[in-house]
Amino acid sequence: MIEARHLRVLRAVAATGSFSAAGRELGCTQPAVSQQMKALETSVGTPLLIRTGREMRLTQAGEALVRHGAGILAGLTAAEEEVAAIAGLRAGRVRLVSFPSGSSTLVPTALAALRAAHPGTRVSLEEAEPPNSVDLLREGDCDIALAFRYEAAAGAEDWSDLVVRPLLSDRLVALVPEKHRHARVRSVAIGELADDPWIAGCPRCRGQLVEVCEAAGFTPRIDFATDDYPAVVGLVSAGLGVAVLPQLAIESVRPRGARTVTLEPAVRREIVALTLPDLARVPAVAATLDQLARAARDKQARDKQARDRQARDKQAREK
C-alpha cells in the first residue's frame, strides 16, 4: 500500500537530492525521512534510490513513482478540499502563480474580492513566467497558473490537458523616449523602428519581439535585456533604445521620460488562468477562477470607458 505521505517524501528527496535537505523542506528530521523512504521501498518491493557518493539519484522505479505521484497528490488535494467544503468547513487553500504584470494588475482586485466573499479561503502567491508557471501546475506545485501566450506565435504551447479560463487579450505597445522622432504620433509600424537600438524583456517576450521584427523584414539590434519592467522603462526613458511591452506591463509602472505609441500591425497576447481538471472542481479554486475572470471583465470595462472619454475629449477639442 503506497501512502500519500511517502509519495510527498519521495518527491522532496528527488527535488532536493538528499534526505537532510528533504527533511528541511518538509519540516522533519533526516532520520524520519530515511525511515519513510525505507517503508516506501518495502511497500513497492524494489529500490527507489541509488546513493552515489554524497548524491542520490532515482532508480527507474523511483522515476516512475515520482512521475505518477504528481497527479496522485493533485487528485488527493482536490478530494480533501472538496470533502472539506461539503462538510461545511468553508475553508480552502489556493496556491496561485502569476507572471509579474498580472500580479500587479488583475491579481490584487481578484484576491480582494475573494477575501471579502470567502474570508476563510487562504491564497498564496508566487511569481513565475510561462512556461515555468505551467510546469509548476502540471507538477502539482500550484493550483492555478495565470499565464499568457502570443496569438499566432510559432511553437505555441499545448494546453489541451488543462482547464483554460480565458481572461483578456493584452495588446503590445511601443515604448519610445519622449524626445524620439515617433513620440508624438498615434501609431507606428514596427518596421519604422528597425534602425533603433532595442531593450528586450523576458526570454519569451524577447523571442516574440524577434519573431515580429523578422516578419517585418529586419532583425532588432538588442542592446539590453532584462526581465524587470521598471528597468525596461528606465532604459527607454534614458534614451538608450526603444521597447515593445504589453499594455498590462505599462499599467503596472509609470513611464516617466517615455511615451507609449500604438503598434501596427497589432500584436496581442492571450491572458488565461489555467488549472488541472481535478482542481477545477475544488470550490476554493473555482471561486478564485471566477474572481480572476470578474477582475478581467471589470478592467476591460474601465478601459473602454477611458477610450470613450478620450474620444469625446478629442472631438470637443476639434470643434
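Biologist: Angles under 35 degrees count as roughly parallel, over 145 as roughly antiparallel, 65 to 115 as roughly perpendicular, and the rest as oblique. Which fits α1 and α2?

Modeller: They are oblique to each other, because their angle is about 120°. The axes of α1 (residues 4-16) and α2 are 8 Å apart. Axes are lines fitted to C-alpha atoms over the stretch in contact, and angles run from 0 to 180 degrees between N-to-C directions. Helices are DSSP runs (H or I, at least four residues), strands too (E, at least two), numbered from the N terminus.

Biologist: Is this predicted or experimental?

Modeller: This is a predicted model: local features need pLDDT of at least 70, side-chain atom pairs need 80 or more, and totals for chains, interfaces and linings use all residues. Residues are numbered from 1 along each chain, and side-chain values use heavy atoms, without hydrogens or water.

Biologist: Which residues of α1 and α2 meet?

Modeller: Arg8, Val9, Ala12, Val13 and Thr16 in α1 meet Phe19, Ala21, Ala22, Glu25 and Leu26 in α2. Contact means heavy atoms within 4.5 Å.

Biologist: And how do α2 and α3 pack?

Modeller: α2 (19-26) and α3 (30-44) pack at about 105°, axes 8 Å apart. So they are roughly perpendicular. Phe19, Ser20, Ala22 and Gly23 of α2 touch Gln30, Val33, Ser34 and Met37 of α3.

Biologist: New topic. Where is Ser160, and is it buried or exposed?

Modeller: Ser160 lies in the loop between β5 (144-150) and β6 (163-177). Ser160 is exposed, at 63% relative accessible area. Buried is under 20%, exposed over 50%, partly exposed in between (1.4 Å probe, protein chains only).

Biologist: How far is Ser160 from Leu279?

Modeller: They are 119 residues apart in sequence and 15 Å apart in space, C-alpha to C-alpha.
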